[in-house]
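Reader: I would like to learn how the words used for a protein model are justified. Could we go through it term by term?

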Amino acid sequence: MTRIVLMGPPGAGKGTQAVKVAERLGVPHISTGAIFRANMAAGTELGSAAERYMQAGEYVPDKLTNAMVTERLSQPDAAGGFILDGYPRTVAQVSELDRILSGLGTRLDRVVEITADVEELVGRLLNRALEQGRADDTEEVIRRRMAVYAQQTEPLVRIYEGRGMLVQVDGMGSMEEVTDRVLAALES
Ligand code: AMP
């Protein structure tokens with residue numbers, strides 16, 4: 001049960017939980033957002049192509065994202081399992097992930113959705129922006145991210161539910177509580 005997708009709205013703690021759960025399961029944590037940010041910092045072609053979408057709170061086009069994920073999942077460390085954080089995010093990426101994994105002779109085991117109240121999340125992200133001096137995380141951009149998640153990513157939850165792969169975990173509570181819930185959900 002180690003080929004896992006972790007989903008959840010912005011601010012729900014998905015990234016933090018993905019790191020913790022990957023550590024506990026001994027598999028790599030693969031975050032598309034982190035790979036994009038690393039490419040931006042290193043000034044690669046991929047980084048500069050992704051930058052303007054990311055800064056507007058929009059999704060990077062599937063073509064760029066899919067190529068990057070294909071490359072990453074083909075690395076030897078992902079052969080025994082992985083936690084995918086931030087991918088798939090669109091219906092087209094669901095099919096693409098199926099295709100990538102079947103090309104590697106494997107498939108997904110579970111999809112975990114961390115759930116949380118939208119207004120609570122907007123508040124958390126605004127606080128984080130203030131504390132960390134992220135001036136570009138305005139309320140407008142944060143709300144745009146929530147809307148993009150609802151429109152483009154929520155439908156994926158229904159797809160995986162239909163496949164009987166989905167587990168939902170309440171994201172409210174301490175970091176440790178939520179990690180324990182995710183691990184328990186994966187064992188059930
Ligand atoms: P994250 O760190 O997961 O919140 O991702 C940060 C940003 O990276 C997102 O707001 C998108 O602009 C971009 N991104 C990450 N993953 C994807 C994806 N699967 N498809 C398109 N854009 C993505």
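Author: What follows is a conversation about a predicted model, with each term set against the value behind it.

Reader: What makes the pair Asp85 and Lys14 a salt bridge?

Author: The side chains of Asp85 and Lys14 come together with 2.7 Å from N to O, and because a salt bridge asks for a Lys or Arg nitrogen within 4 Å of an Asp or Glu carboxyl oxygen, the pair qualifies. Asp85 sits in strand E3 and Lys14 in helix H1, 71 residues apart, and so the pair links distant parts of the chain. A search of the whole structure finds 11 salt bridges.

Reader: How do you know whether Asp85 and Lys14 are buried or exposed?

Author: Buried means under 20% relative accessible area. Asp85 has a value of 4% and is therefore buried, and Lys14, with 15%, is buried too.

Reader: Why is Arg145 called partly exposed, when its salt-bridge partner Asp137 is called buried?

Author: The side chains of Asp137 and Arg145 meet at 3.0 Å, N to O, but the label for each residue rests on its own accessible area. Asp137, at 8%, falls under the 20% cut-off and is therefore buried, whereas Arg145, at 22%, lies between 20% and 50% and so counts as partly exposed.

Reader: How do you know that Glu154 and Arg158 form a salt bridge, and what separates them along the helix?

Author: The closest N and O atoms of Glu154 and Arg158 are 4.0 Å apart, and the pair is counted because the definition accepts atoms within 4 Å. Along the chain, the two residues are 4 apart in helix H7, which means that about one helical turn separates them. Glu154 has a relative accessibility of 26% and counts as partly exposed, and Arg158, at 44%, is also partly exposed. Elsewhere, salt bridges that share partners join Glu119, Glu139 and Arg143 into one network.

Reader: What makes a set of residues a nonpolar core, and which residues have the most contacts inside the largest one?

Author: The members must be buried residues of kinds such as Leu, Phe and Val, joined through side-chain atoms within 4.5 Å. The largest such core has 23 residues, and those with the most contacts inside it are Leu73, Phe82, Leu97, Leu108 and Val111. Strands E1 and E3 and helices H4, H5 and H7 each supply at least two residues of this core, with H7 giving the largest share, 5 residues. A second, separate core has 22 residues, including Ala12, Ile83, Met146 and Val178.

Reader: Which residues does Leu97 touch, leaving aside those up to four places away in sequence?

Author: Leu97 touches Val5, Leu73, Leu84, Tyr87, Pro88, Leu108 and Tyr160.

Reader: How do you know which residues line the largest pocket, and what classes do they belong to?

Author: A residue counts as lining when it has an atom within 4 Å of a pocket point. The largest pocket has 48 such residues, with Lys14, Arg37, Arg89, Arg128 and Arg145 nearest its centre, and its volume is about 1300 Å³. By class, its lining has 19 nonpolar, 18 polar and 11 charged residues, and H2 gives the most, with 6 residues.

Reader: What lines the second largest pocket?

Author: The second largest pocket holds about 160 Å³ of space and is lined by 13 residues, with Pro9, Ala116, Val118, Tyr149 and Glu154 nearest its centre. Helix H7 gives the most to this lining, with 5 residues.

Methods. Residues are numbered from 1 along each chain as its sequence is written. This is a predicted model: local features need pLDDT of at least 70, side-chain atom pairs count only at pLDDT 80 or more; totals for chains, interfaces and linings use all residues. Side-chain values use heavy atoms; hydrogens and water are left out. Buried means under 20% relative accessible area, exposed over 50%, partly exposed in between (1.4 Å probe, protein chains only). Contact means heavy atoms within 4.5 Å. On a 1 Å grid over the protein atoms alone, a cavity is a set of points where a 1.4 Å probe fits but cannot get out, and a pocket is an open set with protein on both sides within 12 Å along at least five of seven lines; lining residues have an atom within 4 Å of a point. Grid points are joined across faces, edges and corners, and a volume is the space filled by probe spheres set on the points. Ala, Val, Leu, Ile, Met, Phe, Trp, Tyr, Cys and Pro count as nonpolar, Asp, Glu, Lys and Arg as charged, and the others, Gly among them, as polar.
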